Structures are given as structure tokens and as C-alpha cells.
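Hello,

Here is the structure I promised to pass on to you. Have a look at it first, and then read on for what turned up in it.

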Amino acid sequence: MKDINKILMENLNYSHSEYHSVNKIKETLLSNGFIELDESKNYELKKGEKYFAIRNLTGIIAFKIPNNLDDCYFKILASHVDSPAYKIKENPTLIENGYEKLKVEGYGGMIISSWLDKPLGIAGRIVINDGKKVYSKLIDSNSDIAIIPNVAIHQNREINNGYKYNNQIDLCAIIGETSENKSNYEKFLDSFISKDEKIMATDLYLYNRNKATYLGFNKKYIGSPKLDDLASAFISLEAFIDSENNNGINVFFGSNNEEVGSLSISGADSTFLYDTLKRISLYLFNNEEEYFKSIAKSSLISIDNAHAIHPNHPELSDNKNICLINKGVVIKHNSNMFYTTDALSSSLIKSISEKSNVPYQEFFNRSDARGGSTLGNISNSHVSLLSVDIGLPQLAMHSNFEVIGSKDTYYLYILIKEYLNSKITLNNLGLIIE
């Protein structure tokens, strides 16, 4: 079996923004024989081929068309490529008391304290005008260019008593001393363009420069920034690439902006998935009725990490549905449908797990606490099909540095690959897995 953890950590160490995550997925697909499509042009598809399309550099959908399409249906993997971060504002430079600082804005819900006293880089995209065209360019400092310093305990005696950080004041990142001519930040941006080019706008983020690494005795854990949800995205991508191409149309969907509600051009609350599936169906069959028939027989696995029981706070978990690291993939439940799992879709995952000898666990929030939600139910509002939410058990979700199990990554890879390789017959009475 391929070294999933090595691949995962290499991908994590490159993916310092959602733009870089999608670019890494694109590079992986191209190296495995996939053909890039342009949404603004006609789709020319062939049976037995593999394709992908990118929207706004931040969302990506890939699919495989088998040679035999007598029974057309989709098996869809959905995860997201964004993570909580601090986005650099336009006109961000602030000069005070000899420091050059950057004004930032929080993206998503993060554990704020985990961002302080860390070596930080800057990555994302800049939009350039060269006099003839306007285009995007990915950039990455690839260096420890910034830091957000805590106040010393001598000057803030309440720091260990539940200090409330203020994003406008406490989260400004320092990048150097005052520059007499052009700011250090402007010099940094200018290093990525020529003298005839002009930067029109930016989508840039701070990121933790610490690399993905094994933790614990015998490498039982993996620690890294952005494990939620890049671990799910990159592992399911490998399973998708390695899956057989003979039972239904396998689909990989990496969406953006899940951390802020998915309502964007490339999020789960966009028409990206719907548009793509319908274009595939109409091109292959030239009949809208075939599309609706195929959707009725299709399924979607929403893959986003879950909460493992905390070593120091077990009381925060439901005491009858405890999820442990390295004990298997988690099936996520919520009666109010913050997760899409129901009895039938849960049974789909359990059947695939048993077929592939992969352990599974079941997650419920405490009944007196509200948990998070994810992209499965949002995606279902546009393409309604049998759906289930699963994920890797994780510690410190939405921290700047998170933890998963080094065995669970293989469990997820095997489970997803088995799902994609299986022939799944679905109707109102139930399902058959072969």
C-alpha cells in the first residue's frame, strides 16, 4: 500500500492557502492522466476518460467516466479546502512605535490564542494587471515573515484567567521595523511582479509555518495546521485516483468557504456540483430525464473531521458514543440534520466498512450541547441524494495546530476506495452493495 501519511504531510506542507490546496490537487490530477476542462467552453467528454474543472481557483471537481455506462449513477466524495485563518486586509500596513504591523480579519471560527507566538508566513493569490490583461498569481513567502506576540504576563496578569482577545487590536502581526521609504509589506508584494505590472487586489492569509509531523511514541499521531479539512480532502483524493473506473461515475468535489457557510462561487452552496453533474449527464445522454434518474440512484459521502474524546475533558463527549483516535472512521449523526446521516446512509458506510475490514465509530454531540455542521446538508440543497457525513477523529479542531491518528488515515483511504470500487444499487426500498 502507498504511504498515505507521507503523501498527506507533503501536501499539507505545500497547502498554505485554499488556492495552494486546489493547485496541489490539480497537479496531482494532471500527473495521473486527468484532463482539465474549462467551464466557459463546451465539454467534450469520452467514455473511459478522466476530467476535472476548477472554479475561481478555489473549488475543484474531478470525475471518471467508465467505459460501460449501462447504469449511470454518481458516487460522490465531498470535502472542503479552506480552514480558519487570518486574512490580510487591503491597505493593511500600520506603523506604530517603530513596528510595521499588518491589519488582519478573522476568516472562520478559530481558537484565537493558538495563533499567537508562532512563526507565520503569508500565502494566497494576488491579482495583477500587466497592461493587457488581469490575471491571478499564487504567492507564498515560504519564510517566517510575521508573528503575533502575546503581552507578557508581567503586563497582563489576567492572561491565564480567561483573557478575551480582540481581533482589531490583539491580532495585528508584526513584520519588521519601520521602513523609511516603501513599507516592508509593499516590498514583499513587489518581489512577485515585474516593473511593468501592477497589483490590483489580494487574497492573502497568514499561516502557521510549523510543518506536519508525527507525534507521540511509535508515531501514533499526526500534528499539522489545516488538518480540518485538508486531511479528508487529500486522503479521499488518493482513494479517488486509485479507484477502479467501472461502476458508476466516481466524483471528487473539493469545495471552498465551508468555514463561513459555503455560500460562494465555489462553495457547497453554489451550483458548481449541480452544474457539473448535469453537464456530464446531458453530454453523455442528451436527455434531461436521464440526469434525474441518475441522481435518484446516486450517493454522496461528505467527509469532514469529527471530535475525538478529549484526554483532559471527557465530559464534553456523549458518554455512550465515544470516538477514539486510531480506532476507525467516524460516522457523524445529528437529529436536527446538521449532518445528513440517516439510518440508510449510515448503513451504507457500515456495510462498506465491514466489506473492507475497516473499523468505524459513531459520533453524537451531548444532548445538551450544539456542535458544528458541515457541507453535506448544504450541498444537498442543490443536488438532493442519499448522503452521509463521516470524518477522522481529531483533537483541537480549529486550532492553528491540530491532531489526528496515523492509523485512521489508512482506514479512511481504504473505506473510500472500497466505496468507489463497489457497485451500489439504490432505490426507495434500500440498497445493494456488490
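Asparagine 56 sits in the loop between S2 and strand S3 (59-64). Keep in mind that this is a predicted model. Although asparagine 56 is not a glycine, its phi is positive, at about 55°. Most residues other than glycine have a negative phi, and most peptide bonds are trans. Asparagine 97 also takes a positive phi, near 50°, in the hairpin of S5 and S6, which has two residues between the strands. In that hairpin, strand S5 (residues 85-96) and strand S6 (residues 99-107) pair in the antiparallel sense over eight bridges. If you want one bridge to look for, threonine 93 has leucine 102 in S6 as its partner.

The backbone has another feature for you to find. The peptide bond from aspartate 228 to aspartate 229 is cis, with omega near 15°. Aspartate 229 belongs to helix H4, so please keep that helix in mind.

Now to the sheets. Strands of a sheet pair through backbone hydrogen bonds, either parallel or antiparallel. One open sheet here has nine strands, in the order S1-S2-S3-S13-S4-S14-S18-S16-S17, with mixed pairing. Which strands stand at its edges? They are strand S1 (35-37) and strand S17 (360-363); each has a single partner strand, so one side of each is left without a neighbour in the sheet. On average, neighbouring strands of this sheet are turned by 25° against each other, direction ignored. S1 pairs with strand S2 (residues 50-55) in the parallel sense over three bridges, and leucine 37 stands opposite alanine 53 in S2. Helix H9 (residues 408-421) lies across strands of this sheet, including S4 (74-80) and S13 (249-255), and runs at about 150° to S4.

There is also an open sheet of five strands, again with mixed pairing, in the order S11-S12-S20-S19-S15. Its edge strands, S11 (213-215) and S15, each pair on one side only. S11 and strand S12 (residues 221-224) run antiparallel and are joined by three bridges; leucine 215 stands opposite tyrosine 221 in S12. Helix H1 (residues 4-14) packs on this sheet, touching S11, S12 and strand S20 (402-405), and its direction makes about 10° with that of S12. Helix H4 (residues 227-242) packs on the sheet as well, where it touches S12, S19 and S20; its direction makes about 35° with that of S20.

Next come the aromatic rings, where the count comes to eleven pairs. Why is the pair of phenylalanine 34 and phenylalanine 240 called tilted? The ring centres are 5.7 Å apart and the planes meet at 35°, and planes under 30 degrees apart count as stacked, over 60 as edge-to-face and the rest as tilted. This pair links distant parts of the chain, 206 residues apart: phenylalanine 34 is in the loop between helix H2 (18-31) and S1, and phenylalanine 240 is in helix H4.

Last, the largest pocket. Its volume is about 630 Å³. It is lined by 36 residues, and His307, Asn365, Gly371, Gly372 and Met397 lie nearest its centre. By type, the lining divides into 14 nonpolar, 14 polar and eight charged residues. Strand S15 (306-307) and strand S19 (393-395) each supply at least two residues of that lining.

Enjoy exploring!

Best wishes

Notes
Residues numbered from 1 in each chain as written. Predicted model: local features only at pLDDT ≥ 70, side-chain atom pairs only at ≥ 80, totals over all residues. Heavy atoms only, no water. 1 Å grid on protein atoms, 1.4 Å probe; cavity = no way out; pocket = protein on both sides within 12 Å on 5 of 7 lines; lining within 4 Å. Points joined across faces, edges and corners; volume = space filled by probe spheres on them. Helix = DSSP H or I, 4+ residues; strand = E, 2+ residues; numbered from the N terminus. Nonpolar A, V, L, I, M, F, W, Y, C, P; charged D, E, K, R; others polar. Pairing = 2+ DSSP bridges. Contact = heavy atoms within 4.5 Å. Axes fitted to C-alpha atoms, helices over the stretch in contact; angles between N-to-C directions. Phe/Tyr/Trp six-rings, centres within 6.5 Å; stacked < 30°, edge-to-face > 60°.
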